[in-house]
Amino acid sequence: MRNILLVLSGPSGVGKGTIVNYLLEEDKNLVKSVSCTTRAPREGEQNGREYFFISGQEFQNRILENDFLEYDEHFGNFYGTPRSFVERQLKERSVLLEIDVVGALNAKRLMPERAVLVMVTPPSMEELEKRLSGRGSETEEERESRLRRVRYELEQAHLYDYVLVNDDSRLTKAKIQEIIRKEKEK
Ligand code: 5GP
(Lines give C-alpha, C1' and ligand atoms only; values in the text may rest on other atoms or scores of the structure.)
Protein backbone atom coordinates (compact mmCIF):
# COMPACT_ATOMS: atom_id res chain seq x y z
CA MET A 1 0.00 0.00 0.00
CA ARG A 2 1.30 3.45 -0.87
CA ASN A 3 0.42 6.80 0.64
CA ILE A 4 -1.17 9.09 -1.89
CA LEU A 5 -1.52 12.82 -2.33
CA LEU A 6 -5.24 13.15 -2.97
CA VAL A 7 -5.90 16.45 -4.68
CA LEU A 8 -9.52 17.49 -4.59
CA SER A 9 -10.66 20.40 -6.76
CA GLY A 10 -13.94 21.84 -7.80
CA PRO A 11 -15.65 25.18 -7.77
CA SER A 12 -16.52 26.81 -4.47
CA GLY A 13 -20.12 26.01 -3.60
CA VAL A 14 -19.91 22.52 -5.09
CA GLY A 15 -19.97 20.83 -1.68
CA LYS A 16 -16.28 19.96 -1.32
CA GLY A 17 -16.25 20.95 2.34
CA THR A 18 -18.81 18.34 3.37
CA ILE A 19 -17.03 15.66 1.35
CA VAL A 20 -13.64 16.52 2.84
CA ASN A 21 -14.95 16.48 6.41
CA TYR A 22 -16.53 13.10 5.83
CA LEU A 23 -13.38 11.57 4.31
CA LEU A 24 -11.23 12.81 7.18
CA GLU A 25 -13.71 11.57 9.76
CA GLU A 26 -13.91 8.11 8.19
CA ASP A 27 -10.21 7.60 7.50
CA LYS A 28 -7.74 8.34 10.25
CA ASN A 29 -4.89 7.58 7.83
CA LEU A 30 -5.83 10.58 5.75
CA VAL A 31 -4.84 14.07 6.82
CA LYS A 32 -5.68 17.41 5.27
CA SER A 33 -3.01 19.92 4.49
CA VAL A 34 -4.06 23.38 5.63
CA SER A 35 -2.97 26.00 3.11
CA CYS A 36 -1.69 29.48 3.82
CA THR A 37 -3.54 32.43 2.38
CA THR A 38 -3.31 36.20 2.38
CA ARG A 39 -7.09 36.64 2.12
CA ALA A 40 -9.11 37.72 5.13
CA PRO A 41 -10.97 35.00 7.09
CA ARG A 42 -14.66 34.61 6.25
CA GLU A 43 -17.30 34.48 8.92
CA GLY A 44 -16.80 31.32 10.98
CA GLU A 45 -13.35 30.48 9.64
CA GLN A 46 -10.60 29.77 12.12
CA ASN A 47 -6.89 30.31 11.74
CA GLY A 48 -5.22 26.91 11.36
CA ARG A 49 -8.46 25.11 10.49
CA GLU A 50 -9.62 26.36 7.06
CA TYR A 51 -6.38 28.22 6.37
CA PHE A 52 -3.39 29.78 8.03
CA PHE A 53 -4.16 33.46 7.49
CA ILE A 54 -0.88 35.30 6.96
CA SER A 55 0.19 38.70 5.67
CA GLY A 56 1.36 39.39 2.12
CA GLN A 57 4.82 40.10 3.48
CA GLU A 58 5.02 36.80 5.31
CA PHE A 59 3.77 34.97 2.23
CA GLN A 60 6.52 36.55 0.10
CA ASN A 61 9.15 35.61 2.67
CA ARG A 62 7.94 32.05 2.67
CA ILE A 63 8.06 31.88 -1.13
CA LEU A 64 11.70 32.96 -0.98
CA GLU A 65 12.41 30.29 1.62
CA ASN A 66 10.91 27.66 -0.72
CA ASP A 67 8.33 26.85 1.96
CA PHE A 68 5.52 26.14 -0.51
CA LEU A 69 5.12 22.98 -2.52
CA GLU A 70 3.02 25.10 -4.86
CA TYR A 71 1.30 28.46 -4.65
CA ASP A 72 -0.99 30.57 -6.77
CA GLU A 73 -2.92 33.81 -6.82
CA HIS A 74 -6.72 33.92 -6.90
CA PHE A 75 -8.87 37.03 -6.80
CA GLY A 76 -5.87 39.11 -5.77
CA ASN A 77 -4.88 36.88 -2.85
CA PHE A 78 -2.15 34.27 -2.53
CA TYR A 79 -2.70 30.64 -1.56
CA GLY A 80 0.04 28.09 -0.92
CA THR A 81 0.53 24.49 0.20
CA PRO A 82 3.10 24.12 2.99
CA ARG A 83 5.84 21.84 1.69
CA SER A 84 7.27 20.49 4.96
CA PHE A 85 3.88 19.41 6.31
CA VAL A 86 3.01 17.47 3.16
CA GLU A 87 6.41 15.80 2.81
CA ARG A 88 6.52 14.82 6.48
CA GLN A 89 2.97 13.44 6.54
CA LEU A 90 3.37 11.44 3.34
CA LYS A 91 5.93 9.24 5.08
CA GLU A 92 3.18 8.06 7.45
CA ARG A 93 -0.19 8.55 5.77
CA SER A 94 -2.07 9.91 2.78
CA VAL A 95 -2.53 13.64 2.43
CA LEU A 96 -5.51 15.54 1.05
CA LEU A 97 -5.13 18.88 -0.69
CA GLU A 98 -8.20 20.96 -1.44
CA ILE A 99 -6.82 23.25 -4.14
CA ASP A 100 -7.64 24.71 -7.54
CA VAL A 101 -6.81 23.42 -11.01
CA VAL A 102 -3.47 25.18 -11.44
CA GLY A 103 -2.30 24.02 -8.01
CA ALA A 104 -3.50 20.48 -8.71
CA LEU A 105 -1.59 20.27 -11.98
CA ASN A 106 1.52 21.61 -10.26
CA ALA A 107 1.16 19.01 -7.51
CA LYS A 108 0.92 16.31 -10.19
CA ARG A 109 4.02 17.62 -11.90
CA LEU A 110 5.97 17.77 -8.63
CA MET A 111 4.80 14.42 -7.27
CA PRO A 112 3.67 12.38 -10.26
CA GLU A 113 3.98 9.07 -8.45
CA ARG A 114 1.80 10.23 -5.53
CA ALA A 115 -0.73 12.72 -6.80
CA VAL A 116 -4.23 11.55 -7.63
CA LEU A 117 -6.41 14.33 -9.04
CA VAL A 118 -10.13 14.29 -8.39
CA MET A 119 -12.47 17.00 -9.60
CA VAL A 120 -15.93 17.42 -8.12
CA THR A 121 -18.35 19.24 -10.42
CA PRO A 122 -21.84 20.63 -9.84
CA PRO A 123 -24.78 18.88 -11.57
CA SER A 124 -25.28 22.13 -13.54
CA MET A 125 -24.21 25.77 -13.57
CA GLU A 126 -27.74 26.79 -12.51
CA GLU A 127 -27.49 24.60 -9.43
CA LEU A 128 -24.11 26.07 -8.53
CA GLU A 129 -25.34 29.64 -8.94
CA LYS A 130 -28.20 28.83 -6.60
CA ARG A 131 -25.84 27.43 -3.98
CA LEU A 132 -23.49 30.40 -4.26
CA SER A 133 -26.22 32.98 -3.87
CA GLY A 134 -27.54 31.03 -0.88
CA ARG A 135 -24.19 31.47 0.80
CA GLY A 136 -24.65 35.24 0.80
CA SER A 137 -21.10 35.97 1.92
CA GLU A 138 -20.09 37.65 -1.33
CA THR A 139 -20.84 40.75 -3.36
CA GLU A 140 -22.41 40.47 -6.82
CA GLU A 141 -19.08 41.32 -8.42
CA GLU A 142 -17.21 38.65 -6.46
CA ARG A 143 -19.86 36.14 -7.38
CA GLU A 144 -19.57 36.95 -11.10
CA SER A 145 -15.81 36.64 -10.95
CA ARG A 146 -16.14 33.26 -9.22
CA LEU A 147 -18.58 32.00 -11.84
CA ARG A 148 -16.14 32.91 -14.61
CA ARG A 149 -13.50 31.02 -12.71
CA VAL A 150 -15.83 28.02 -12.35
CA ARG A 151 -16.33 27.84 -16.12
CA TYR A 152 -12.59 27.90 -16.60
CA GLU A 153 -12.03 25.17 -13.98
CA LEU A 154 -14.66 22.90 -15.49
CA GLU A 155 -12.96 23.22 -18.87
CA GLN A 156 -9.83 21.68 -17.32
CA ALA A 157 -11.64 18.60 -16.03
CA HIS A 158 -10.14 16.39 -18.74
CA LEU A 159 -6.71 16.85 -17.14
CA TYR A 160 -7.90 15.13 -13.97
CA ASP A 161 -7.64 11.44 -13.12
CA TYR A 162 -11.27 11.35 -11.96
CA VAL A 163 -14.25 13.64 -12.43
CA LEU A 164 -17.28 13.20 -10.19
CA VAL A 165 -20.60 14.98 -10.64
CA ASN A 166 -21.84 15.78 -7.16
CA ASP A 167 -25.58 15.31 -7.54
CA ASP A 168 -25.82 12.92 -4.60
CA SER A 169 -23.29 13.71 -1.91
CA ARG A 170 -23.60 10.28 -0.25
CA LEU A 171 -22.72 8.58 -3.53
CA THR A 172 -19.88 11.00 -4.26
CA LYS A 173 -18.34 10.27 -0.85
CA ALA A 174 -18.52 6.52 -1.46
CA LYS A 175 -16.99 6.90 -4.91
CA ILE A 176 -14.05 8.89 -3.57
CA GLN A 177 -13.46 6.31 -0.83
CA GLU A 178 -13.34 3.66 -3.53
CA ILE A 179 -10.86 5.75 -5.57
CA ILE A 180 -8.62 6.15 -2.51
CA ARG A 181 -8.70 2.42 -1.81
CA LYS A 182 -7.84 1.50 -5.39
CA GLU A 183 -5.13 4.11 -5.76
CA LYS A 184 -3.41 3.09 -2.51
CA GLU A 185 -3.14 -0.44 -3.84
CA LYS A 186 -1.50 0.59 -7.12
P1 5GP B 1 -11.39 30.36 -1.18
O2 5GP B 1 -10.93 31.78 -1.02
O3 5GP B 1 -12.76 30.27 -1.76
O4 5GP B 1 -11.23 29.57 0.09
O5 5GP B 1 -10.42 29.67 -2.23
C6 5GP B 1 -10.20 30.24 -3.49
C7 5GP B 1 -9.46 29.27 -4.37
O8 5GP B 1 -8.15 28.99 -3.86
C9 5GP B 1 -10.13 27.90 -4.47
O10 5GP B 1 -10.18 27.53 -5.84
C11 5GP B 1 -9.21 27.00 -3.69
O12 5GP B 1 -9.26 25.67 -4.16
C13 5GP B 1 -7.88 27.63 -3.97
N14 5GP B 1 -6.84 27.24 -3.00
C15 5GP B 1 -6.97 27.05 -1.67
N16 5GP B 1 -5.80 26.70 -1.14
C17 5GP B 1 -4.90 26.63 -2.14
C18 5GP B 1 -3.51 26.30 -2.23
O19 5GP B 1 -2.84 25.97 -1.26
N20 5GP B 1 -2.95 26.35 -3.46
C21 5GP B 1 -3.66 26.69 -4.57
N22 5GP B 1 -3.00 26.69 -5.72
N23 5GP B 1 -4.95 27.02 -4.53
C24 5GP B 1 -5.58 26.99 -3.34
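Tyr71 is partly exposed, because its relative accessibility is 38% and the partly exposed class runs between 20% and 50%. The model is predicted. This briefing covers the aromatic pairs, the ligand site, helix H3 and two loop residues.

**Aromatic pair of Tyr71 and Phe59**

- At 0% relative accessibility, Phe59 is buried, whereas Tyr71 is partly exposed at 38%.
- Phe59 and Tyr71 make an edge-to-face aromatic pair, with 6.2 Å from centre to centre and 75° between the planes.
- This pair links distant parts of the chain: Phe59 belongs to helix H2 and Tyr71 to strand E5, and the two are 12 residues apart.
- Phe59 and Tyr71 are also members of a cluster, in which ring pairs link them with Phe68 and Phe78.

**Aromatic pair of Tyr51 and Tyr79**

- A pair of aromatic rings is described by two values, the distance of the centres and the angle of the planes.
- The count of aromatic pairs in the model comes to 6.
- The ring centres of Tyr51 and Tyr79 are 5.7 Å apart and the ring planes are at 65°, so this pair is edge-to-face; the class requires an angle over 60 degrees.
- Tyr51 lies in strand E4 (residues 51-53) and Tyr79 in strand E6, 28 residues apart, so that the pair links distant parts of the chain.
- Tyr51 is buried because its relative accessible area is 18%, and buried means under 20%.
- Tyr79 counts as buried too, with a relative accessibility of 14%.

**Ligand site**

- There are 16 residues around the ligand, and those that come nearest are Ser35, Arg39, Tyr51, Glu70 and Tyr79.
- Tyr51 and Tyr79, the edge-to-face pair described above, are thus named among these nearest residues.
- A polar atom in the side chain of Glu70 is 2.7 Å from a nitrogen atom of the ligand.
- In Arg42, an N or O atom of the side chain lies 2.9 Å from an oxygen atom of the ligand.
- Gly80 takes part through its backbone: one of its backbone N or O atoms is 3.4 Å from a ligand oxygen atom.
- On its own the ligand has 520 Å² of accessible area, and the protein covers 93% of that area.

**Helix H3**

- Which residues of helix H3 are buried? In this helix, which spans residues 83-90, they are Val86, Gln89 and Leu90.
- These buried residues are on the same side of H3, because they cover an arc of only 100° around the axis.
- What covers the buried residues of H3 includes five strands by name: E1 (5-9), E2 (30-32), E5 (68-74), E6 (77-82) and E7 (94-98).
- Two of these, E5 and E6, also hold aromatic residues from the pairs above: Tyr71 is in E5 and Tyr79 is in E6.

**Two loop residues with positive phi**

- Asn66 is not a glycine, yet its phi is positive, at about 60°.
- Asn66 sits in the loop between helix H2 (56-64) and strand E5.
- With 48% relative accessibility, Asn66 is partly exposed, since the exposed class begins over 50%.
- Phe75 is not a glycine either, and its phi is positive at about 50°.
- The loop that holds Phe75 runs between E5 and E6.
- Is Phe75 buried, partly exposed or exposed? Phe75 is partly exposed, with a relative accessible area of 40%.

How values were computed:
Residues are numbered from 1 along each chain as its sequence is written. This is a predicted model: local features need pLDDT of at least 70, side-chain atom pairs count only at pLDDT 80 or more; totals for chains, interfaces and linings use all residues. Side-chain values use heavy atoms; hydrogens and water are left out. Buried means under 20% relative accessible area, exposed over 50%, partly exposed in between (1.4 Å probe, protein chains only). Helices (H or I, at least four residues) and strands (E, at least two) are DSSP runs, numbered from the N terminus. The arc is that of the directions from the helix axis to the C-beta atoms. Contact means heavy atoms within 4.5 Å. A residue is near a molecule or strand if one of its heavy atoms lies within 4 Å of it. A polar contact is a pair of N or O atoms within 3.5 Å; within protein, one must be able to donate a hydrogen and the other to accept it, and residues adjacent in sequence count only if both atoms are side-chain atoms. Accessible areas come from the Shrake-Rupley method with a 1.4 Å probe; for residues, only the protein chains shown count as cover. Rings of Phe, Tyr and Trp (its six-membered ring) pair if their centres lie within 6.5 Å; planes under 30 degrees apart count as stacked, over 60 as edge-to-face and the rest as tilted.
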